[in-house]
Amino acid sequence: MSAPPVYLDAATATPLHPVARQALAAALADGWADPGRLYASARRARQLLDAARAAAAETLGVRPDELSFTANGTTAAHGAVLGGLAGRRRVGPVLVHSAIEHSAVLHAAERHVADGGQAVSVPVDRSGRLDLDAWATAVRSPGVAWASLIAASHEVGTVQPVAGAAAACAEAGVPLYVDAAQMVGRVPVPAGWSVLTASAHKWGGPSGVGLLVVRKGTRWESPWPADERESGRTPGSLNLPAVVAAAASLRAAAADATAEAARLTPLVERIRARIAAEVPDVEVVGDPVDRLPHLVTFSCLYVDGEALLHALDRRGFAVSSGSSCTASTLRPSHVLEAMGVLSHGNVRVSLHRETTEADVERFLTELPGIVADLRAEAGVVGL
């Protein structure tokens, strides 16, 4: 009998939390009506929506009227960037962002530039950490309206100096938007931000729910056509049962976050140490200490990344790559490129609440042989 599959791609999507499953089933019965109407079933739906908003806001430490639900994390990120720029268009046309932002933020920046705006990318060091001096210089420049910083790298796990970046923004009078998708529900988000986004399927909620938090006093204007829903911050009807499940699972994940981080951190450290010691010509990337507790990325020389992912999948391991350096694109991940690290044969392993020590041990036991076989097939031997 073959071993059961091992899912190690929580940074993309985490398996549904049991609390989310229970809340979703309950809300499907009571949360189907339009919460904007006045009849009894609609009023019940409104109560569910208000309770979900209050629960999510309490977990994040914000006011309920500062938090809006969106159709997904990408929509929230687009709204955060484009809405911030729209709200402060009189200040200037410049967006400052790190070189390792999520593609959703970079695509919003591209739209801004295509519409006549400007975008300034701030570099990171080899560990993937923001250059704070360069950031401070960038946000102090004339015409800067908005700044965007990912709280922790979704590809290599390095935690960014959010507090320092926020202090530089405050001194320059520039609001800071923080993409906290990999932090929310796992580790506390540093203070100092004006706008925050997150995505439910990263913490064990259902897919199709994002969070957009706009602090009171922040000049922000919806980039979408006018809509009365969600305080005008995001258009269209919400998937209310999914929203309820997202809020319930966020509260559950946050309550367990400290214990879960303590459980996963040594597993990630084991992966980092064993791979470096047992797989020749490999580079484990990202900050070794100031990092997320659940994510580790490494790159193997003389191995095609796509081939490695397929080989791991055939052995029952679901992982992802921070690199798009495949035969079809021949271009590495923009994050790895910005860091100046090896991008060939890149693998991202990210753990979750269901990951066991046995899962990690099995992965570490089989990986060296898989890499060696691929190198042998490519004619690379004697390493």
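**Briefing: a buried arginine, a helix and two cores**

Arg-186 is buried (under 20% relative accessible area), yet Arg-186 has no salt bridge (a side-chain nitrogen of Lys or Arg within 4 Å of a carboxyl oxygen of Asp or Glu). Glu-260, the nearest side chain of opposite charge, is 5.9 Å away. This is a predicted model, in which local features need pLDDT of at least 70 and side-chain atom pairs count only at pLDDT 80 or more, while totals for chains, interfaces and linings use all residues. Residues are numbered from 1 along each chain as its sequence is written, and side-chain values use heavy atoms, without hydrogens and water.

**Around Arg-186**
- The loop between β6 (176–179) and β7 (195–199) holds Arg-186.
- The side chains of Arg-186 and His-294 share a polar contact (N or O atoms within 3.5 Å, one able to donate a hydrogen and the other to accept it) of 3.4 Å.
- Beyond its neighbours within four places in sequence, Arg-186 is in contact (heavy atoms within 4.5 Å) with residues including Ala-10, Lys-202 and Leu-351.

**Helix α4**
- Buried residues of α4 include Ala-104, Leu-106 and His-112.
- Among the elements covering the buried residues of α4 are α3 (73–87), β3 (94–98) and α9 (334–339).
- Gly-116, just after α4, has a positive phi of about 105 degrees.

**Nonpolar cores**
- The largest nonpolar core (buried Ala, Val, Leu, Ile, Met, Phe, Trp, Tyr and Cys residues joined through side-chain atoms within 4.5 Å) has 59 residues.
- Helix α7 (residues 240–278) gives this core its largest share, 9 residues.
- Another core, of 28 residues, lies apart from it and includes Val-282 and Ile-370.

Methods: Helices (H or I, at least four residues) and strands (E, at least two) are DSSP runs, numbered from the N terminus. Buried means under 20% relative accessible area, exposed over 50%, partly exposed in between (1.4 Å probe, protein chains only). Lys and Arg count as positive and Asp and Glu as negative; His and the chain ends are not counted.
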